[in-house]
Amino acid sequence: MEKFSILNSQAVPLPAENVDTDQIIPARFLKATTREGFGKNLFCDWRYASDGTPKPDFVLNDTRYSGQILLAGKNFGCGSSREHAAWAIYDAGFRAVISSYFADIFKGNALNNGLLPLQVSEEVLQALINQVQAQPDTKISINLSEQQLHVGAIGLTVSFEIDAYKKECLLHGYDDIDFLVNQKEAIVNYEKNRQWVY
């Protein structure tokens with residue numbers, strides 16, 4: 001995974017609430033077992049007409065919006081536990097999703113795949129969406145080390161919570177296996193020095 005430290009980016013507003021994983025990546029695209037290639041089908045049924053042409057009124061097809069941050073409505077990622085939803089968002093170029101509430105399984109899948117699910121209050125989320133919709137070139141800054149989100153255009157700075165272990169993994173670009181491999185020396189030393197009980 002890519003290391004995540006500081007992200008300064010524009011954002012794409014998708015304020016719909018209760019977006020489930022089947023809307024994020026429809027079930028018919030789940031045949032692949034690797035993480036690559038899912039981004040082109042992100043929000044496919046909302047994004048494309050039945051003949052495959054882009055729907056001009058969907059935000060991912062709106063040239064005013066771009067960036068590595070997705071602004072999502074409340075209860076994002078509900079529904080099935082498919083990890084492919086996080087894969088699709090990451091593969092589409094997003095590195096963070098900001099919402100006022102995430103489904104637990106989606107949140108875990110996102111963190112395990114290098115995607116930061118950043119939870120803020122409903123008031124902060126609405127302020128972000130309003131600002132980006134009014135001024136699409138607005139930059140949002142996410143500092144993972146300091147656990148702060150900052151938007152200079154509206155003088156907003158808020159702190160956010162994240163599990164300490166998952167924060168460490170994101171900062172170093174580790175998945176769970178990478179983290180264990182990088183603890184090899186400490187594990188070996190522990191095994192050498194511990195008392196054996198038979």
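This is a short selection-by-selection tour of a predicted model.

**Whole chain**

Start with everything shown. The protein chain holds eight helices and eight strands. Its C-alpha trace spans about 70 × 45 × 25 Å along the principal axes. Colour by burial next: of the 198 residues, 43% are buried. Then turn on contacts. Among those with a separation of 6 or more, 65% link residues 24 or more positions apart.

Add a surface. The accessible area comes to about 10600 Å², and carbon and sulfur atoms own 49% of it. Now pick the charged side chains. There are 18 positive and 24 negative ones, and the centres of the two sets lie 4 Å apart.

**Strand β3 and its neighbours**

Select residues 69-72, which form strand β3. Look at both faces. Ile-69 and Leu-71 sit on one side, Leu-70 and Ala-72 on the other, and all four are buried. In a regular strand the side chains alternate between the two faces of the sheet.

Which strands flank β3? Add residues 11-14, strand β2: four bridges join β2 to β3, and the two run parallel. Then add residues 96-99, strand β4, which runs parallel to β3 and is joined to β3 by three bridges.

Zoom to Leu-70. Its bridge partner in β2 is Val-12. In β4, Leu-70 stands opposite Val-97. Now trace the backbone onward from β3: the chain passes through helix α3 (residues 84-91) to reach β4, and this β-α-β crossover is right-handed.

**Helix α4**

Select residues 104-112 for helix α4. Which of its residues are buried? They are Phe-106, Asn-109, Ala-110 and Leu-111. An α-helix has 3.6 residues a turn, so residues three or four places apart point the same way.

Show what surrounds these buried residues. They pack against two stretches of helix, α1 (21-24) and α6 (164-172), and also against α3 and strand β5 (116-119). Step just past the end of α4 to Gly-114, where phi is positive at about 80°.

**Strand β6 and its partners**

Move to residues 140-143, strand β6. Ile-140 and Ile-142 point one way, while Ser-141 and Asn-143 point the other. All of them are buried.

Add residues 6-9, strand β1. β1 and β6 pair in the antiparallel sense over four bridges. Look for Ile-6, which stands opposite Asn-143. Then add residues 148-151, strand β7: three bridges join β7 to β6, again antiparallel. Here Ile-142 stands opposite Leu-149.

Follow the hairpin from β6 to β7. Four residues lie between the strands. Stop at Gln-147, which takes a positive phi near 55°.

**Last stop: Ile-142**

Centre the view on Ile-142, in strand β6. Is Ile-142 buried or exposed? Ile-142 counts as buried because its relative accessibility is 0%, and the cut-off for buried is under 20%.

Show its contacts, leaving out residues up to four places away in sequence. From the start of the chain come Phe-4, Ser-5, Ile-6 and Leu-7. Ile-142 also touches Ile-69, Ala-96, Ile-98, Leu-116 and Leu-118. Gln-148 and Phe-160 complete the set. Of these, Ile-69 belongs to β3, the strand selected earlier.

Finish with a distance. Draw a line from the C-alpha of Ile-142 to that of Thr-157: the two residues are 15 apart along the chain, and their C-alpha atoms are separated by 9.8 Å.

How values were computed:
Residues are numbered from 1 along each chain as its sequence is written. Side-chain values use heavy atoms; hydrogens and water are left out. Buried means under 20% relative accessible area, exposed over 50%, partly exposed in between (1.4 Å probe, protein chains only). Two strands pair if DSSP finds at least two bridges between them. A crossover is right-handed if, with the strands pointing away from the viewer, the path from the first strand over the helix to the second runs clockwise. Contact means heavy atoms within 4.5 Å. Accessible areas come from the Shrake-Rupley method with a 1.4 Å probe; for residues, only the protein chains shown count as cover. Lys and Arg count as positive and Asp and Glu as negative; His and the chain ends are not counted. The place of a charge is taken as NZ of Lys, CZ of Arg, CG of Asp or CD of Glu.
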